[in-house]
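Trainee: Got a minute? I'd like to go through this structure with you before I get back to the bench.

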Amino acid sequence: PQVGISERFFIMSSHPNERYPYAPEMPITAIINPEILSYSEETQKGWEGCLSVPALRGNVPRHKWINVRYFTEDNDCVETEFDDFLARIFQHELDHLDGVLFTDRLDSMRDLMNEKEWYRQIIAHENKDT
């Protein structure tokens, strides 16, 4: 939907970087016809940004772990569990396929911040502590 293609797929990848220094390694993966099979009742807030909502960051509640099924570009069916950061990425991208933005998931507008301020308050503070 974001790029004008009416197909249910997204690309998922993860690696440590300045914004997410503790992000796990995950190679670039095509996620085709994704679905969540089950999920934790426990949710956890985490900071997210999105090219669909530039210059904003939100502290978004997401399920801590999810069991998912999807197909690869080789048409292999994959069932796996993602937790923490990878679960967050999967849920964020799956939401896009359903026309949902991270801002729709916020508990409060107090959980929304300008990216420059977020970087100054959150990332600079975390980097100082490491």
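**Talking through the fold**

Mentor: Sure. Among contacts in the chain between residues at least 6 apart in sequence, 61% join residues at least 24 apart. Keep in mind that this is a predicted model.

Trainee: Okay. How many helices and strands are in the chain?

Mentor: Two helices and seven strands. Going along the sequence, the pattern reads β-β-β-β-β-β-α-β-α.

Trainee: And what does the C-alpha trace span along its principal axes?

Mentor: About 45 × 30 × 30 Å. The radius of gyration is 15 Å, which agrees with the value near 14 Å for a compact globule of 130 residues. Buried residues make up 35% of the chain.

Trainee: Let's do the sheet. Which strands form it, and in what order?

Mentor: It's an open sheet of four strands, ordered S1-S2-S5-S6, with antiparallel pairing. S1 and S6 (77-83) are at the edges with a single partner strand each, so one side of each has no neighbour in the sheet. From one strand to the next, the twist averages 50°.

Trainee: How many bridges join S1 to S2?

Mentor: Five, and the two strands run antiparallel. Within that pairing, Met-12 stands opposite Thr-29 in S2.

Trainee: Where does H1 pack?

Mentor: On the sheet, where H1 touches S1, S2, S5 and S6. The direction of H1 makes about 155° with that of S1.

Trainee: Now the inside. Which residues touch the most other members of the largest nonpolar core?

Mentor: Phe-10, Met-12, Phe-82 and Phe-90, out of 14 residues in that core. At least two core residues come from each of S1 (9-14), S2 (26-39), S5 (65-71) and H1. H1 gives the most, with six residues.

Trainee: What does Phe-10 touch?

Mentor: Leaving out residues up to four places away in sequence, Phe-10 touches Thr-29, Ala-30, Ile-31, Pro-34, Phe-90, Glu-93, Leu-94 and Leu-97. There's also a second, separate core of five residues, and its members include Cys-50, Val-60, Phe-102 and Leu-106.

Trainee: You just mentioned a cysteine. How many disulfides does the structure hold?

Mentor: Zero.

Trainee: Is Cys-50 buried or exposed?

Mentor: Cys-50 counts as buried because its relative accessibility is 14%, and the cut-off for buried is under 20%. Cys-77, on the other hand, has a relative accessible area of 45%, so Cys-77 is partly exposed.

Trainee: Changing topic: I was checking backbone angles. What's the phi of Ala-55?

Mentor: Positive, about 70°, even though Ala-55 is not a glycine. Most residues other than glycine have a negative phi.

Trainee: Where does Ala-55 lie?

Mentor: In the loop between S3 (43-49) and S4 (56-63). Ala-55 has 43% relative accessibility, so it counts as partly exposed.

Trainee: And what about the phi of Asp-84?

Mentor: Also positive, about 50°, and Asp-84 is not a glycine either. Asp-84 is found in helix H1, which covers residues 84-97. Its relative accessibility is 36%, so Asp-84 counts as partly exposed.

Trainee: Let me play that back. H1 packs on the four-strand sheet and gives the most residues to the largest nonpolar core. Cys-50 sits in the separate second core, and there are zero disulfides.

Mentor: That's it. For the backbone, jot down Ala-55 with its positive phi of about 70° and Asp-84 with about 50°.

Conventions: Residues are numbered from 1 along each chain as its sequence is written. This is a predicted model: local features need pLDDT of at least 70, side-chain atom pairs count only at pLDDT 80 or more; totals for chains, interfaces and linings use all residues. Side-chain values use heavy atoms; hydrogens and water are left out. A disulfide is a pair of cysteine sulfur atoms within 2.5 Å. Buried means under 20% relative accessible area, exposed over 50%, partly exposed in between (1.4 Å probe, protein chains only). A nonpolar core is a set of buried Ala, Val, Leu, Ile, Met, Phe, Trp, Tyr and Cys residues joined through side-chain atoms within 4.5 Å. Contact means heavy atoms within 4.5 Å. Two strands pair if DSSP finds at least two bridges between them. Axes are lines fitted to C-alpha atoms, for helices over the stretch in contact, and angles run from 0 to 180 degrees between N-to-C directions. The radius of gyration is taken over C-alpha atoms; the globule rule is 2.2 Å times the number of residues to the power 0.38.
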